[in-house]
Amino acid sequence: MRLIRWVVFALTAAFASFLTWIIIGNTLGEQGDGAFSLTAVIVLQNCVIIVMLAAVLARLNNR
């Protein structure tokens with residue numbers, strides 16, 4: 001049951017990233033390979049990862 005939950009989470013995260021990439025590319029009117037919008041999505045993902053790590057560290061420090 002836990003494995004199914006992680007698989008669903010991973011697929012949802014991948015789909016959300018792909019959808020964000022498409023939305024940013026269409027908003028900017030980007031044509032071709034979409035390198036700029038892909039870079040923007042990667043930057044956003046890195047920011048989310050940093051915030052999540054900070055939240056985990058804060059929670060661990062409270063123990």
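I looked first at the backbone just after helix α1, where Gly29 takes a positive phi of about 70 degrees; helices here are DSSP runs of H or I with at least four residues, numbered from the N terminus. I note that the model is predicted, so local features need pLDDT of at least 70 and side-chain atom pairs pLDDT 80 or more, while totals for chains, interfaces and linings use all residues. Residues are numbered from 1 along each chain as its sequence is written, and side-chain values use heavy atoms, without hydrogens and water.

Next I checked the length of α1, residues 2-27: at 1.5 Å a residue its 26 residues should span 38 Å, and the end C-alpha atoms are 37 Å apart, which agrees. The expected span is 1.5 Å times one less than the number of residues.

I then looked up which residues of α1 are buried (under 20% relative accessible area, 1.4 Å probe, protein chains only), and found Ser17, Ile24 and Gly25. These buried residues pack against α2, residues 35-61.

From the side of α2 I picked Ser37, which lies in that helix and counts as buried because its relative accessible area is 1%. Leaving aside neighbours within four places in sequence, Ser37 is in contact (heavy atoms within 4.5 Å) with Trp21, Ile24, Gly25 and Glu30.

Last I turned to Val8, which lies in α1 and counts as partly exposed (from 20% to 50%), because its relative accessibility is 48%. Together with Met1 and Ile4, Val8 makes a nonpolar surface patch of about 360 Å².

Conventions: Helix = DSSP H or I, 4+ residues; strand = E, 2+ residues; numbered from the N terminus. Patch = residues over 30% accessible without salt bridge, like charges linked within 9 Å, V, L, I, M, F, W, Y side chains within 5 Å. Areas by Shrake-Rupley, 256 points an atom, 1.4 Å probe, with all protein chains shown as cover. Salt bridge = Lys/Arg side-chain N within 4 Å of Asp/Glu carboxyl O.
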